[in-house]
Amino acid sequence: MIKKNKQIMRIKTMLLVSFTFAAVFMISGCETDETQTVATFTELVMSDEFDTEGAPNNAIWNFDIGNGEGTAAGPGWGNGELQYYTDRAENVTVQNGVLIITAKEEQFNGSNYTSAKLLTKGKFEQTYGRFEARIKLPWGQGIWPAFWLLGDDANGSEVWPDIGEIDIMEYIGSHPTKVFGTVHGPGYSGAEGITKSFELKDDRFDTGFHIFGIEWGPDYINYYVDDVLYNQITPEDVPGEWVFNRGPFYIILNVAVGGALPGSPNAETVFPQNMLVDYVRVYKNSYN
Amino acid sequence: MKNRRFIYTKITFLLGLVFIINVSCERELSDEVEFATNSAAGEIFTDSPIGLGTNFYFPFLGSKATAWTVDDSQGYESQSSMRFDVPNANDPEGSYAGAIFRTDGAGRDLTGYDALTFWAKASQGVVIGQLGFGQDFLDNKYQAHIENVSFSTNWVKYVIPIPDAAKLFEERGMFWYSAGTQDTGGLGYTFWIDELKFEKLGTIGQPRPALYDGEDIEAQSFVGTDGEVNIRSVTFNLASGENVSVVPAPSYFDWTSSEPSVVSIGDFGKLSVIGSGMAVITATLAGVEAPGSLTIEVLGAFEAAPTPPARDSGDVISVFSNAYTDVSVDYYNGYFAPFQTTQGQNDIFINGDNVINYTDLNFVGIGTFVDVAPVNANDMTHFYVDINVREAIQSGDFIRLELINNVGGTETKGTYTIDSSQLLEEEWVSFDIPLDDFSGLTVRNQLGLIFFISDATISNIYVDNVYYYKE
């Protein structure tokens, strides 16, 4: 595994050298797959390219609605978040080939902000695989978007953190050059999650699209951004039970506002804020 | 696997080359094209000035010309930096520090950069007034700066985003600063700047230009007036999450007039009022629309006050007139709190003539007693003023003129009341008043205030040609 990391570092160096050419290459619309260096999972099993205008495809996506009240997490979704999730077009829509999740500042059912949270729970769940999305992130103090997975809860008979959580990409809008990938499980939940951040040195996540993904197999989760594999988490890294070999996980895309991690928005936070998702793709290992 | 991946990368690289070639085939360069030969160097000062030539430091008027030196005893991760000694406010050689650094010779090509950056510290925590670039004492076409920058006693990196680098293909104004002692009680201090350079950070984003802080402003004007949108900004977000606002010169913007036959837009974003009607001025910066606008209602041609007759300079003491040389004046509106409502001062400039416009008038004073010599009118016989009332006149309306001698001392004052029958709506009326008619004005050797008092019976007037003369 260490060997693998080295390869990627060298590839990254070459890519930096050919930075200009890579930019032209991207514009040309070639398949981004070809630029991926993490490609042991190659068989596409699910993708949403967001090519149909209007509401997201309900064969793939559900919504969480509300401020968390009545859920196991409670108001604020367990994190002191300030938004009220809706499935209204002003908070979630597909336009021009991208999914747009919009966080707005508005009075709505007792909350000061609205946003949206999409889940594939009960519609698409998978154990292992390569999960990736191409996303342009929002920005500003108090903005907290995420692309993440939760383990199936067997109709509520199992609870977080035992079900496991894989945060493929989290980001807070006050650090526009940094994302982080985290796993949570029993003994390493909340602030104790096993995490690593990845920082762009000469670019930002809110000014263009970037690819965020994991390659997840038995006893390992590899994290990558664009062409860079930046972390690998294995059972040795977690202080509790490894809960990622036990069953299928579903996908979540959301933009939270406020909460313990990013802090509240301030006077300088610009609303509305949009997270644009060009695609979500899931692959499996062809040997599975 | 390992080999295959490397091959992939090389293919990417080659494909990239092919694309470049294709693009260049589609867009052939004409024979006339000359490639830019301006230096694209970004460094301005590392351990010494870089590529600035020999004659590059030009102090501002009234500043201490020797404020800047190279300090070879300290620097950011080096032994050398630029040292700026801001003088005490009472320093006879200059009351503040400020200058431009203009590269000697051809300008530089800065189009590949997105910020001017530097490390700085100060001898005490202090707020520096202005720091920027693009000021060259020529056109200052692409001047840009940040304001009220907080320096601490240890080295900190500062970033001044370039409003639109595409415009800076030949820029001589590398750096400028202005620092005073307003916040230090007039006491001087020192600050150091090092590693001053233009950089391509790539982490600056979300440019948000604005006019008038995003407000829609309305103004009235006359044919022949020139001006500009004078409150401009563009705010960028840095990698740190910090928002930095830069003040860009008008030339960075692309301006639009909704009615070019009413207000036209010239070089450097200059607005020229050329016709009657209404025009809305808006702008974009590097393709981003700036919220905020200026709506100009043009009232037609400006009717100027009558031109005063030629007089010997010893026979006139002028307070406000383009016909004579004015004495020094503290202000044309003292904004006396809390009872004064009057707005406006000498802010109309048209066809080479300055005109005062007082609005929301209840009372207002022209001061000559704070920092300037009071007017000695012992030898004068008359007080003269032109007044143009900008509204309908009711009976009972009045403007009372009041002259005050020895303000703050043993005050004496004289008044002369102009009643409604003497005033005309939207027309100039000249008042030529013997000083003896100012009842109560027994002494007039230290005149310090000229009051216009209407008690809000009249709220909008133009005033011109305010002077004393000897018959």
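**Exercise 1.** In which sense do strand E8 and strand E16 of chain B pair, and over how many bridges?

*Solution.* The structure is a predicted model. Strand E8 covers residues 144-151 of chain B, and strand E16 covers residues 243-248 of chain B. The two pair in the antiparallel sense over 2 bridges. Within this pairing, Ala144(B) stands opposite Pro248(B) of E16(B).

**Exercise 2.** Determine which strands stand at the edges of the chain B sheet that contains E8 and E16.

*Solution.* First, write down the order of the 8 strands: E2-E5-E10-E7-E8-E16-E15-E12, forming an open sheet with antiparallel pairing. Next, look at the two ends of this order: strand E2 (57-59) and strand E12 (205-211) each have a single partner strand, so one side of each is left without a neighbour in the sheet. Finally, note that the twist from one strand to the next averages 25°.

**Exercise 3.** Decide whether Gly185(A) is buried or exposed, and describe its surroundings.

*Solution.* Begin with its position: Gly185(A) lies in the loop that links strand E12 (178-184) to strand E13 (194-199) of chain A. A residue is buried if 20 or more other C-beta atoms lie within 10 Å of its own. Gly185(A) has 24 such atoms and is therefore buried. Its contacts beyond four places in sequence include Pro161(A), Gly164(A) and Val238(A). The C-alpha atom of Ile166(A), 19 residues apart along the chain, is separated from that of Gly185(A) by 9.0 Å.

**Exercise 4.** State how many residues the largest nonpolar core has, and identify contacts of Ile168(A).

*Solution.* The largest nonpolar core has 67 residues. Among those with the most contacts inside it are Ile166(A), Ile168(A) and Phe212(A). Ile168(A) touches residues including Phe131(A), Phe147(A) and Gly181(A). A second, separate core has 65 residues, among them Ile128(B) and Val149(B).

Conventions: Residues numbered from 1 in each chain as written. Chains lettered and ligands numbered in written order. Predicted model: local features only at pLDDT ≥ 70, side-chain atom pairs only at ≥ 80, totals over all residues. Core = buried A, V, L, I, M, F, W, Y, C linked by C-beta atoms within 7 Å. Buried ≥ 20, exposed ≤ 12 C-beta atoms within 10 Å, placed from the backbone. Contact = placed C-beta atoms within 7 Å. Pairing = 2+ DSSP bridges. Helix = DSSP H or I, 4+ residues; strand = E, 2+ residues; numbered from the N terminus. Axes fitted to C-alpha atoms, helices over the stretch in contact; angles between N-to-C directions.
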